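Welcome to a short tour. Open your viewer, get the ligand in sight, and follow along one selection at a time.

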Amino acid sequence: MKDFDAIIIGTGQAGPSLAARFAGAGKTVAIIERHKFGGTCVNTGCIPTKTMVASAYAVHVARRGAEYGFAANGDVRVDMRRVKARKDEVSGRSNRGVEDWLRGLKNCTVLQGHARFQSPNTVALNDEVLEADKVFINVGGRASVPEMPGIDDVSFLTNSSMMDVDFLPKHLVIVGGSYVGLEFGQMYRRFGSEVTIVEMGPRLIGREDEDVSQGVREIVENEGIRIRLNAKCISLAKRDGGIAVHTECDDGPPDVLGSHVLLAVGRTPNTHDLGLDRAGIATDQRGYIIVDDQLQTNVPGIWAVGDCNGRGAFTHTSYSDYEIVADNLFNADHRRVSDRIQAYALYTDPPLGRCGMTDAEIRRSGRAALIAKNPMIRVSRAFEKGETQGFMKICVDAETKQILGAAILGTGGDEVIHVLLDVMYAKAPYTLIQRAMHIHPTVSEYLPTVLSKLEPFA
Ligand SMILES: Cc1cc2nc3c(=O)[nH]c(=O)nc-3n(C[C@H](O)[C@H](O)[C@H](O)COP(=O)(O)OP(=O)(O)OC[C@H]3O[C@@H](n4cnc5c(N)ncnc54)[C@H](O)[C@@H]3O)c2cc1C
């Protein structure tokens, strides 16, 4: 039995920083990784996908060369092996960075293998048993593989196996029209694949407002991506050397015949093989570990951080989990998950930046609110760049004048949204933005103009 002050299971976006915090405070810490250092974001999520989104954007701009005043001689041809090599280089750099960082920490023991609880304060891996008063679970999640008919008869891709693809699928059929499916869909369309997105719901990214779903749909359809909605009973079968995805859509023939299928239908927490029952740790029906507002599980001395607690599904929510736990343990600063304001981006081009409530949520809340919306075509910077798709939408509380939520679907939307987000954290009225002098020409400079058009919800 090896004794530590803390054990951390998983090297996602919270674990390594926690390890460094414990080690820096002179505490002994063991951190355990069963696969690749850095977890999803570094190896199969944000970093590789955004690197490939950048390649796809470059291809897209090159194809539009004539609009900008240059001619690319001949066709723009994509070499998927080089796209993959660039992605591997960027992702590999982060992966090595996390491992080197952890191995270089004094007081930190790095172990590789699959960790399982033996009791609330003991964890087994390989032939060892580790003991600590504090255990932090940062095991993340994996792509969900639903039990749809035919799933065992065909080969399919997930966000993880997509990382090994170094060729151009002729026709990529993506099951799932949400964030992951849309990002892969647009990038592969730009690389040159035919792409069909099959979505069970009545619209893409169903958790967003309808105008956002519609705006994103128009952007991807303009690039030749086919969308099949209301695919209630999806099944898969081998056909003609490819894969037939049966959709039962409202319109169009019921089967889509593709060369490859990517499943992008959500994530499942990696909690089924952790021995949680031996430690008595409670999960919800979907396997997420139940935590309180400071991320403690029902068992004293055990915390769950990152995607596996169901309180966020992003790199920034996982890192924020680390900050909350560390500040509570080391600084007596009683930060809570409920202090956070929802914020995220969809990395289509143009991207969607989101913060706070949707207008549907605001309507349901019953409060008096104002809304303003403006198309990106009015924004000088967007016009100059030749990237005028999308819109900006901001909702504010009619009484307090505080911003309740916003969606910026347009060039720079993932960055511009932070202007609004920070004003929300400051609990300042929106009028503050109207009094500030902004830089011209930027997308952000248009926010005061949007805000000058606020009117009551229809
Ligand atoms: C395609 C895709 C794109 C994404 N893009 C974005 C984006 O642009 N922005 C964003 O904010 N988020 C994005 N995300 C989400 C983001 O990747 C995750 O929210 C983020 O990685 C946080 O993960 P985590 O810290 O919970 O753990 P993970 O990063 O999932 O890491 C968990 C680690 O634990 C290890 N592990 C699991 N079980 C055990 C065990 N029993 N023993 C030892 N080790 C174990 C795993 O091997 C893994 O390394 C994306 C996700 C996907 C799939």
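Which polar backbone atom lies 3.2 Å from a nitrogen atom of the ligand? Select R34 to find out: the backbone atom belongs to this residue. Keep in mind as you look that this is a predicted model.

Next, select A115. A polar backbone atom of A115 sits 3.0 Å from a nitrogen atom of the ligand. Then move on to F314, where a polar backbone atom is 3.2 Å from an oxygen atom of the ligand.

Now show the ligand's surface. On its own, the ligand would expose 1000 Å², and the protein buries 93% of that area. To see what surrounds it, colour β2 (29–33), α2 (39–43), α3 (46–63) and α9 (315–330); these are the elements that each give two or more residues to the shell around the ligand.

Stay with that shell and display its side chains. There are 37 residues around the ligand, and those that come nearest are Q13, E33, T40, D307 and S318. Colouring the shell by class gives eleven nonpolar, 20 polar and six charged residues.

Time to turn to the nonpolar interior. The largest nonpolar core has 50 residues, of which I9, I32, F117, I137 and I281 touch the most other members. Centre on I9: leaving aside residues up to four places away in sequence, I9 touches I32, A115, F117, V123, V135, F136, I137, N138, V139 and L274. You have already met A115, whose backbone has an atom 3.0 Å from a ligand nitrogen.

For the last stop, select L172, F184, V195 and V216. They are among the 36 residues of another core, which lies apart from the largest one.

Key: Residues are numbered from 1 along each chain as its sequence is written. This is a predicted model: local features need pLDDT of at least 70, side-chain atom pairs count only at pLDDT 80 or more; totals for chains, interfaces and linings use all residues. Side-chain values use heavy atoms; hydrogens and water are left out. A residue is near a molecule or strand if one of its heavy atoms lies within 4 Å of it. A polar contact is a pair of N or O atoms within 3.5 Å; within protein, one must be able to donate a hydrogen and the other to accept it, and residues adjacent in sequence count only if both atoms are side-chain atoms. Accessible areas come from the Shrake-Rupley method with a 1.4 Å probe; for residues, only the protein chains shown count as cover. Helices (H or I, at least four residues) and strands (E, at least two) are DSSP runs, numbered from the N terminus. Ala, Val, Leu, Ile, Met, Phe, Trp, Tyr, Cys and Pro count as nonpolar, Asp, Glu, Lys and Arg as charged, and the others, Gly among them, as polar. A nonpolar core is a set of buried Ala, Val, Leu, Ile, Met, Phe, Trp, Tyr and Cys residues joined through side-chain atoms within 4.5 Å. Buried means under 20% relative accessible area, exposed over 50%, partly exposed in between (1.4 Å probe, protein chains only). Contact means heavy atoms within 4.5 Å.
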